[in-house]
Amino acid sequence: MDFAFFAVNLGYSKRDYYELTPREAAFIRKAWEEKLVSDNTLMRNAVLNAVSNALRKKNARFRELWKKLGRTVDKEKAVDNLNLVHEIEEKEGKGWIDKILQANGLKRRKEVNHG
């Protein structure tokens, strides 16, 4: 029954399934459940919004599904901050990143593609 869940919902082969530890399988099931709940919540919100817009009174405002955030980004400041970070990294290296990751119990990824 567990294998059927993994095969149908996640496309796992029998070999892939047997390589999972019970803990990994439980985490995958929980993540799948959270995704399912999230997807259903988004669908419910979209349907509720569509029905409310279809039944709105004459001259009433249209309700947007996604609210826009009123934040504006100061691009010059962001570029200046990024240049400052690059300067510091050239002088002192990237050791500060490792310290932050180590303090949080994380490991640094080997390589990151930016593009």
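So, what covers the buried residues of helix α3? Part of that cover is α1, residues 2-10. And which residues are we talking about? In α3 the buried ones are Ala25, Asn49 and Asn53. Keep in mind as I go that this is a predicted model.

Let's stay on α3 for a moment. This helix takes in residues 22-54, which makes 33 residues. At 1.5 Å a residue you'd expect a span of 48 Å, and the C-alpha atoms at its two ends are indeed 48 Å apart, so the expectation and the model agree.

Now pick out Asn53, which sits in α3. Why do we call Asn53 buried? Because its relative accessible area is 7%, and the cut-off for buried is under 20%. Who does Asn53 touch? Leaving aside residues up to four places away in sequence, the answer is Phe62 and Arg63. With Arg63 there's a bit of detail to look at: a polar atom of the Asn53 side chain lies 2.8 Å from the backbone nitrogen of Arg63.

Okay, over to Ala25, another of the buried residues of α3. Ala25 also belongs to the largest nonpolar core, along with Phe5, Phe6, Tyr17 and Leu20, five residues in total. As a general point, nonpolar side chains in soluble globular proteins tend to be buried together.

If you want one residue of that core to click on, try Phe6. Again skipping residues up to four places away in sequence, Phe6 touches Gly11, Tyr12, Tyr17, Leu20, Ala25, Ile28 and Arg29. So from the core list, Tyr17, Leu20 and Ala25 turn up among the contacts of Phe6.

Let's zoom out to the whole chain. How many helices and strands are there? Five helices and zero strands, so reading from the N terminus you just get α-α-α-α-α. Is the chain spread out or a compact globule? The radius of gyration is 24 Å, and the globule rule gives 13 Å for 115 residues, so the chain is more spread out than a compact globule. Along the principal axes, the C-alpha trace spans about 60 × 55 × 25 Å.

A few last numbers for the chain. Of its 115 residues, 7% count as buried. Take the contacts between residues at least 6 apart in sequence: 11% of those join residues at least 24 apart. And the accessible surface is about 11,200 Å², with 56% of that belonging to carbon and sulfur atoms.

Key:
Residues numbered from 1 in each chain as written. Predicted model: local features only at pLDDT ≥ 70, side-chain atom pairs only at ≥ 80, totals over all residues. Heavy atoms only, no water. Helix = DSSP H or I, 4+ residues; strand = E, 2+ residues; numbered from the N terminus. Expected span 1.5 Å × (residues − 1). Buried < 20%, exposed > 50% of the residue type's maximum accessible area, 1.4 Å probe, protein only. Contact = heavy atoms within 4.5 Å. Polar contact = N/O pair within 3.5 Å; in protein donor to acceptor, adjacent residues only side chain to side chain. Core = buried A, V, L, I, M, F, W, Y, C linked by side-chain atoms within 4.5 Å. Rg over C-alpha atoms; globule rule 2.2 N^0.38 Å. Areas by Shrake-Rupley, 256 points an atom, 1.4 Å probe, with all protein chains shown as cover.
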